[in-house]
Amino acid sequence: MSPNPASEPVPPTPPTPLGVLTPTASSTSALSSLDSEFTADDEHAVMTDEYTDGDEDETSALVVPIRGQDSLDEADRDEVLGTPMFRDEFPDEEEGGTGRGRRRKRRRDPSLRQGLLSVPLAAANVANSTLGLGFLALPHALSLTGLPLGIVLISLTALLSAGAHIVLVNTGRYLGVRKYEDVGGGALAVGARGKGLTKAVLRVMIALSGLALMVSYLLEISNLLHPVLSHYSPSLPTLHSRAFLTLVPALLIIPFLYPRSFSSRLISRLSVVALLTYPVLLGLVAARSTQYGAGAASVSASTSALWRRAAGVEVLKKHAETKRGVWGGISLMAFAFASQQTTFPHHRSLRKSSQRTFNLTVLIALSLTFALSLPFAIVPYLSLHPHPLPQDIFARLPLPGTDAGVDAAHVLAAFGLWAGLPFVLAPAREAVLRMGRWETEHEEAGTGARVAVSAAMWLVAVPSAVLGGVRAKDVWQKVAMLLGLALGYLLPALFFIILHHVRRPRAIVISASDGLASADALLAHKERQLQRRRTGRRLWQDLFIFTLMLPVGLVTVVWQVYALFRHGR
């Protein structure tokens, strides 16, 4: 006779130990519906670049059992970092198919392309993309602010630039995106149309900034090489014509514009070579400034006198009465370290793109940039007179042909600008490709589209540089400064403030559509606890944004707008 299952006694449910949280049916349902956060294992895999598509069913529900306070603390630690679930941002990866087809999808996703660079090589790229026109103008900027204040400002702007890179990446991780315009779209979007409009405006700004920098770089390269070639080839006027000196550097840089990302060995090796030339340039400019200026003894005496003087209000008043004033110097110093258009391409080029690795990369790069910038600004300021110094520091040195060291300095400065052109073009080209829909959020543009856009941008930049004179050069540089300061400091600060202090914070353990009111009491309590911890760990960023990044970005952008319109009158 078969036993009756209904008559068998049901074993009693073991009691729940004290301190162990047991999920209710509603909490399990809410957690199972989450598709916007990582588990702890997924978070670790992505942060260590070990995340692969695999053969698992990616469309299965994400069930996070609550097993105790220890597991909750681990999830808490991961969630307060604000790391997103990349599946929401890249839905193409959740489509059907396995094996080769899925791997092809992953390779063609520009945001998930894994970088190849180690921290030193990536730091070299970041430093090379930062050094440029602003670096060469630092002696002029220091002559506008004065020595005591200028040293403080150069130090603060270097710190500001490093912090801006880190804040941008943190904001991107919070939103689950890895492109500049996507961060702006997530922060400033009001509805679907508002999000698209914000992205379009930011892409136009990035493209115009890249174009202005390209023209400014080519104009400055031509100006640096013209006196050298005029002296050494006086019988060949073609070699020192503006057209030749603009077209040849533009043609020579083309092989370095072809790589898709900054992780290319060609780009990283160019950055290493360029960085090795900057100390030589610094030594030549410092030696020749001291030789043809006040002399070493006078430099030492003037330095002591400046530091003994009661700087304070008198120095500020004195330098504020110059043609551009102290605010012009601050704007130039901030621009000298601004390269935030390249933040996310640098982040994607790392072999291990964790937040800690990127922070270390940026700190190494900006420390190196600061170590080169400070003496490059101070020595000519103390040696060459009268003040303010011209923006082209080589105008106070002997003409090429009279000193081989000055000739070499001209060539090395031109080479440094030339080596920075790939980092100027790449973000602008990417913005144009996305504006034309040749590249989408989930698929890279083809080789033909990239070559066509690059060629079109050169066809605009090269003639503009050939036909432009002194006035055109000044206008292009002012436009580049205005957009660089806005994209580098002001807009990232506004993105951060809107996301964390204006809009409702993104949910961590509850469904964003349900809210705290309809959530299970256990989940609501845990959500409030995690939000408080995330706010506490974000305190240093709040302090940095409100005390340094937002004020500097706002003041320098307003000043550049005023300077641009004043120049146009």
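**Helix packing, cavities and local geometry**

The crossing of H8 and H19 is right-handed. In this predicted model, helix H8 spans residues 138–145 and helix H19 spans residues 355–383, and the two pack at an angle of about 65 degrees with their axes 8 Å apart. On the H8 side, the contact is made by Leu 138, Pro 139, Leu 142 and Ser 143. H19 contributes Ser 373, Phe 376, Ala 377, Ile 378, Pro 380 and Tyr 381. By residue class, the contact of H8 with H19 comprises eight nonpolar and two polar residues, and no charged ones.

Empty space inside the structure was examined next. Eight cavities of 30 Å³ or more are present. The second largest cavity has a volume of about 210 Å³. It is lined by 20 residues, of which Ser 129, Leu 213, Tyr 217, Ala 338 and Val 424 are the closest to its centre. Five helices each give two or more residues to this lining: H6 (119–130), H7 (133–136), H11 (191–232), H17 (325–336) and H21 (421–435). The most is given by H11, with five residues. The lining of the second largest cavity divides into eleven nonpolar and nine polar residues, and charged residues are absent from it.

Aromatic contacts were then considered. Over the whole structure, seven aromatic pairs are found. In one of them, the ring centres of Phe 256 and Trp 418 are 5.6 Å apart and the ring planes stand at 80 degrees; the pair is therefore edge-to-face, given that planes over 60 degrees apart are placed in that class. Phe 256 belongs to helix H13 (residues 254–257) and Trp 418 to helix H20 (residues 404–419), so the pair ties together parts that are 162 residues apart in sequence.

Two features of the backbone concern loops. The peptide bond that joins His 385 and Pro 386 is cis, with omega at about 0 degrees. Pro 386 is placed in the loop between H19 and H20. H19 is thus named in two settings, as the packing partner of H8 and as one of the helices flanking the loop that holds Pro 386. The second feature is at Arg 437, where phi is positive, about 65 degrees, although the residue is not a glycine. Arg 437 is located in the loop between H21 and helix H22 (447–467). H21 is also among the helices that give two or more residues to the lining of the second largest cavity.

Terms used
Residues numbered from 1 in each chain as written. Predicted model: local features only at pLDDT ≥ 70, side-chain atom pairs only at ≥ 80, totals over all residues. Heavy atoms only, no water. Axes fitted to C-alpha atoms, helices over the stretch in contact; angles between N-to-C directions. Helix = DSSP H or I, 4+ residues; strand = E, 2+ residues; numbered from the N terminus. Left-handed = near helix turned anticlockwise from the far one by under 90°. Contact = heavy atoms within 4.5 Å. Nonpolar A, V, L, I, M, F, W, Y, C, P; charged D, E, K, R; others polar. 1 Å grid on protein atoms, 1.4 Å probe; cavity = no way out; pocket = protein on both sides within 12 Å on 5 of 7 lines; lining within 4 Å. Points joined across faces, edges and corners; volume = space filled by probe spheres on them. Phe/Tyr/Trp six-rings, centres within 6.5 Å; stacked < 30°, edge-to-face > 60°.
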